[in-house]
Amino acid sequence: MFDFLAKGGVLVGPILLCSVVALALFLERLVRLSRVKIRGNGLVSGISTHLRNGEDHQAYEVASRDTSPMGRIFTQAMEVKNQDRETLEAVLVHATEAETRNLSRYLQALATIGNIAPLLGLLGTVLGMIKAFMVIQEMGGKVNAAVLAGGIWEAMLTTALGLAVALPTMVAHSYLVARVDRYEAQLQDGTVTFLKSIGFRIHGHVHTGKAHTHTHTHAHP
């Protein structure tokens, strides 16, 4: 097998290296994403209940003890919950994007390997064809079909190898991207629930304030 691959030329080595790196990146991300609990154990509903009941300290304690991405997002949000809504939303968006970037780490490298592997194969084929035609020139054009066919299949070997590496790499990349997108959607759902809980409390406070002003006006015409 090694002798067969060696006939493909100098670019067989880089292509094989790409396959090893791609496999390592895929397995690392697969294990990492499999272990992650995006929303913790009932974290969203627990935090929402505490916030609606005005139990801010308990909500912060629950969020800070949770090691899930959602827990880290809620912890940052709880630190600015009393500021204006724009600031709170900005913190939630920034924290969600940071967690998503952490989940999608190495995916760009995987996509890059999927893109360059067939190009390396094509380059190997071009170099092989150049060598084949150089041999033909050196022999003065007196070359039989067997010699020519042998040079061509050796040149095409790198293209086949590059495609064999690129195809599963791109499939693996698409699979991991789909999982990250699903996790990101879960994080966004959690932040919306958080905002609704905060908004519910704020809305109730504003409504009470308006009622109080109305009564005060009638008491002192």
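These legends describe close-up views of a predicted model.

**View 1. The whole protein is built from helices, with 8 helices and 0 strands**. From the N terminus on, the elements run α-α-α-α-α-α-α-α. The protein has 221 residues, and buried residues make up 35% of them. Take the contacts between residues at least 6 apart in sequence: 82% of these join residues at least 24 apart. The exposed area of the protein is about 13,200 Å². Carbon and sulfur atoms supply 65% of that area.

**View 2. The largest nonpolar core holds 43 residues**. Ile-47, Phe-74, Leu-88 and Phe-194 touch the most other members. Seven elements are labelled in this view, each giving two or more residues to the core: H2 (12-35), H3 (43-52), H4 (56-65), H5 (69-78), H6 (85-103), H7 (107-138) and H8 (145-219). H8 gives the largest share, 11 residues.

**View 3. Phe-194 and its contacts in the core**. Leaving out residues up to four places away in sequence, Phe-194 touches Ile-47, Leu-51, Phe-74, Ala-77, Met-78, Leu-88 and Leu-92. Three of these partners, Ile-47, Phe-74 and Leu-88, join Phe-194 in the group that touches the most other core members.

**View 4. Helix H6 and its buried face**. H6 has 19 residues. From first C-alpha to last, H6 reaches 27 Å, close to the 27 Å expected at 1.5 Å a residue. Its buried residues are Leu-88, Val-91, Leu-92, Ala-95, Thr-96, Glu-99, Thr-100 and Leu-103. Seen down the axis of H6, the buried residues fall within an arc of 165°, so they line one face of the helix. An α-helix has 3.6 residues a turn, so residues three or four places apart point the same way.

**View 5. Asp-84 caps the N-terminal end of H6**. A side-chain oxygen of Asp-84 lies 3.3 Å from the backbone nitrogen of Glu-86.

**View 6. Thr-191, a residue of helix H8**. Is Thr-191 buried or exposed? Its relative accessibility is 10%, and buried means under 20%, so Thr-191 counts as buried. Leaving out residues up to four places away in sequence, Thr-191 touches Met-70, Ile-73, Leu-92 and Thr-96. Two of these partners, Leu-92 and Thr-96, are among the buried residues of H6. Leu-92 is also touched by Phe-194.

Terms used: Residues numbered from 1 in each chain as written. Predicted model: local features only at pLDDT ≥ 70, side-chain atom pairs only at ≥ 80, totals over all residues. Heavy atoms only, no water. Core = buried A, V, L, I, M, F, W, Y, C linked by side-chain atoms within 4.5 Å. Buried < 20%, exposed > 50% of the residue type's maximum accessible area, 1.4 Å probe, protein only. Helix = DSSP H or I, 4+ residues; strand = E, 2+ residues; numbered from the N terminus. Contact = heavy atoms within 4.5 Å. Expected span 1.5 Å × (residues − 1). Arc of directions from axis to C-beta. Polar contact = N/O pair within 3.5 Å; in protein donor to acceptor, adjacent residues only side chain to side chain. Areas by Shrake-Rupley, 256 points an atom, 1.4 Å probe, with all protein chains shown as cover.
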